[in-house]
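This report walks through a predicted model. It takes the chains in turn, then their contact and the ligand.

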Amino acid sequence: MSASFEFTPENKKRFEEILRRYPTKRAAMLPSLHLTQEQEGYISPEAEQYIADLLEVPVVDVREVVSFYTMFTRNPLGKHHIRVCESLSCWVRGSDEVKETLEKELGVESGGITEDGEYSWEVIPDCLGACELAPMLQLDGYFEGNLTREKVVELLKKQAASKTSGK
Amino acid sequence: MPTLTIDGQEVTVDAGTTVIQAAEQIGINIPRYCYHPGLSLAGRCRMCLVEIETFPNLQIACYTRAQDEMVVSTTSERVLSARQSMLEFLLSNHPLDCPVCDQSGECDLQNFYMDHGQYQSRFLENKVKKKKAFPIGPHVILDQERCILCTRCVRFTEEVSKSNELGVFNRGSRSVIDLYPTKSLDNPYSGNVIDICPVGALTEREFRFKCRVWYLASQESICTGCSRGCNISLDYNGSRRAYKAGGRRVMRIKPRYNPDINKWWICDEGRFGYGFIDTDRIETPMQRTTSDLEPSDWDPALARVAETVKAAYSEKGANGVGVIVSPQLSNEELLACRELFVEKMKLTNVAALNPWEEPGEADDFLRNADRNPNTKGVEDLGYSGDAKAVLEKAAEGEIEVLIIFRHNLADGEAGKLLEKAKFVVYVGTNWNATAERAHVVLPGATHAEKDGTFTNFEGRVQRFKQALLPIGDSRNDSQIISEMAAKLGYSLPASADEIFEAWKGISLDELSGSGSSVDPDTAVQA
Ligand code: SF4
């Protein structure tokens, strides 16, 4: 994770394509940020500045967008990232237990990253949009629902197993 | 041009006018937070909801364009209940710390709540905690808990100062206004966010806890910081001595709306440049007797000036006395000087401008490099020639008596020349090296302490009004000139009003009655 940020040559091409889809540069903010996060795993202040320069907007505008959307993160994440929904339905159906289990199993608090760099997790206070699965979490973008303590432990085991068995 | 009805009153407005502006034209002030006429529309606060016939829902008056035959109500039951609900929302996380808030007394949360509040709170939950009272720049303190997220300040930094220091970060009830991390709100116009913040979230570091606003009195004035002539209000201790202000009388400066000059804004230098009004003032006339300057009464000081002037005059005629007036003086004072020194005494060595003066910072918004409020007045009233030639003659001994108004001419090349001058009379407001080396010092009044006009660089003649009494024994400069004239055997009017009327044919009140400045094209000509 370097101090400066730049799109890879391939992502530069993708960025140019993105730009072509919008009437103004500013309008390409969200897909550009997705691309940034995809490349580096998070959006650093340097990346914010890079995007601001590319889109010709003040850097503060980029930070506004990054901080507004919970899908963007400003901190480096683990290889696998877990996001726990804490919105109303999930909370009523037991998101607290999910949180406690993750904290215990991974040994880090929400927002933290495990020592081996494998996992990071965070609580998302806003609805992740899957109330029918409450309480739920997202593992690397995939929904896991109807969680209990046991199911969370099992999920982590499964994930670890898929690692050792090799991809 | 659409004609619409607002609260039963018909009004015809220009196409494109919004309902909130149309209402304003007939004196109806719709409550608002985020709307500001000098900024883009945000539509965030929902305070200006009005009911418009044929629209099923209430509409925000700041965004809705006036249309022909629109029938608008700003006071229907639905509107009033919407206002009450919006206030309940806006206050749900507000700390209600009015007793320790500087905005108290001029806060639109307080003001609108008085009219539209729910009074009986239904809010049982805990309030969201945010960062309180931290400096975000040299002049501004931010309290995130008091903020209602109207984004006026953010739009100001985007659109007016174009410095982009502030933003809205995070989402929902955790949203906050904050600086972009590496930045500081230190642009040359930063103070304006204090004025436009409708609540106590942005307060002035210099003014905080110095005086409750209801003890302030306010007077219309003109900024003397540069030749732009921005319109300002001088807010000063009115009904009570501010016990924490260290005897300061002027407590703060606020911009005064003038569509032709400064709109709603002023620069920080002008806003915070009032210190000289209450510090380092020359409070009594002074005379050099042996080697020291000693306080004197007015009469002997003026008599000594008159005697020396007369002696020089009889020895060397009109060349024996030199005068350097100043672009800090009002038109009326410049007129009085012109009448006495040029027209009556026919002095040949009269100058006005200081060629050594350091220019100030300039930009393409308000700030001009010329730091004087009345350089154009000086030119329009026929003063030419700069101080250098006059100082040189004084140094050579050709000029026996040199009368200097306001300028500090004691540094560098000027200082070397001044040192050789035989007899120096200084008429000014504040102590400086020139006053300290004068033989007679006559204390003048600042623009806060007298009436008069300045002509801005575009030629607009603008009035400033007296807010305070001249400090100590100091006197209005046109009075000083008139008294000096009397001692020399001439009769000159002492009041700015009289001088102005003789000049322009209207009274000062008639000039300022228009509410803003006189347009150079339509102004009565000098
Ligand atoms: S700090 Fe004041 S001006 Fe800025 S958003 Fe908050 S309430 Fe509005």
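## Terms and scope

Helices and strands here are DSSP runs, numbered from the N terminus; a helix is H or I over at least four residues, and a strand is E over at least two. The model is predicted, and local features need pLDDT of at least 70.

## Chain A: overall build

Chain A holds seven helices and four strands. Read from the N terminus, their order is α-α-α-α-β-α-α-β-β-β-α. Along the principal axes, the C-alpha atoms occupy a box of roughly 50 × 35 × 25 Å. Chain A has 167 residues, and 27% of them count as buried. Take the contacts in chain A with a separation of 6 or more: 59% come from residues 24 or more positions apart.

The domain assignment splits chain A into domain 1 (9-68) and domain 2 (80-165). The centres of these two domains of chain A, taken over C-alpha atoms, are 28 Å apart.

## Chain A: local details

D96(A) sits in helix α6 of chain A, which covers residues 95-106. Is D96(A) buried or exposed? The answer lies in between: D96(A) is partly exposed, because 13 other C-beta atoms lie within 10 Å. A buried residue would need 20 or more, and an exposed one would have 12 or fewer. E86(A) is 10 residues away from D96(A) in sequence. In space, the C-alpha atoms of D96(A) and E86(A) are 8.1 Å apart.

Most peptide bonds are trans. The bond from A134(A) to P135(A) is cis, with omega near -10°. P135(A) belongs to the loop between β2 (119-124) and β3 (137-139) of chain A.

## Chain B: domains

The assignment for chain B lists four entries: domain 1 (3-91), domain 2 (123-204), domain 3 (216-277) and domain 4 (286-510). Between the centres of domain 2 and domain 4 of chain B, taken over C-alpha atoms, the distance is 45 Å.

## Chain B: the β1-β2 hairpin

Strands β1 (residues 3-6) and β2 (residues 9-12) of chain B run antiparallel, joined by four bridges. Within this pairing, T3(B) faces T12(B) of β2(B). Two residues lie between the strands of the hairpin.

D7(B) is in the loop between β1 and β2 of chain B. Its phi is near 50°, a positive value in a residue other than glycine. Most residues other than glycine have a negative phi. How many C-beta neighbours does D7(B) have inside 10 Å? There are 14, so D7(B) counts as partly exposed.

## Chain B: F209

F209(B) also has a positive phi, about 60°, although it is not a glycine. Where does F209(B) lie? The loop between β10 (202-204) and β11 (216-222) of chain B contains F209(B). F209(B) is exposed, because its count of other C-beta atoms within 10 Å is 10. The cut-off for exposed is 12 or fewer.

## Chain B: the seven-stranded sheet

Strands of a sheet pair through backbone hydrogen bonds, either parallel or antiparallel. In chain B, seven strands form an open sheet with mixed pairing, in the order β15-β14-β20-β19-β18-β16-β17. Its edge strands are β15 (293-295) and β17 (349-351) of chain B, each paired on one side only. On average, neighbouring strands of this sheet are turned by 15° against each other, direction ignored.

At one edge, β15(B) pairs with strand β14 (residues 286-288) of chain B. The sense is antiparallel, over three bridges. One of the bridge partnerships links R288(B) to L293(B) in β15(B).

## Contact between the chains

Chain B gives 10 residues to the contact, and chain A gives 10 residues. On the side of chain B that touches chain A, five residues are nonpolar, four are polar and one is charged.

## The ligand shell

Which residues come closest to the ligand? They are C147(B), C150(B), C153(B), C197(B) and A201(B). In total, 13 residues surround the ligand. By class, the shell has 11 nonpolar residues, one polar and one charged.

Note on methods:
Residues numbered from 1 in each chain as written. Chains lettered and ligands numbered in written order. Predicted model: local features only at pLDDT ≥ 70, side-chain atom pairs only at ≥ 80, totals over all residues. Near = placed C-beta within 6 Å. Nonpolar A, V, L, I, M, F, W, Y, C, P; charged D, E, K, R; others polar. Pairing = 2+ DSSP bridges. Domains from an automatic or database assignment. Contact = placed C-beta atoms within 7 Å. Axes fitted to C-alpha atoms, helices over the stretch in contact; angles between N-to-C directions.
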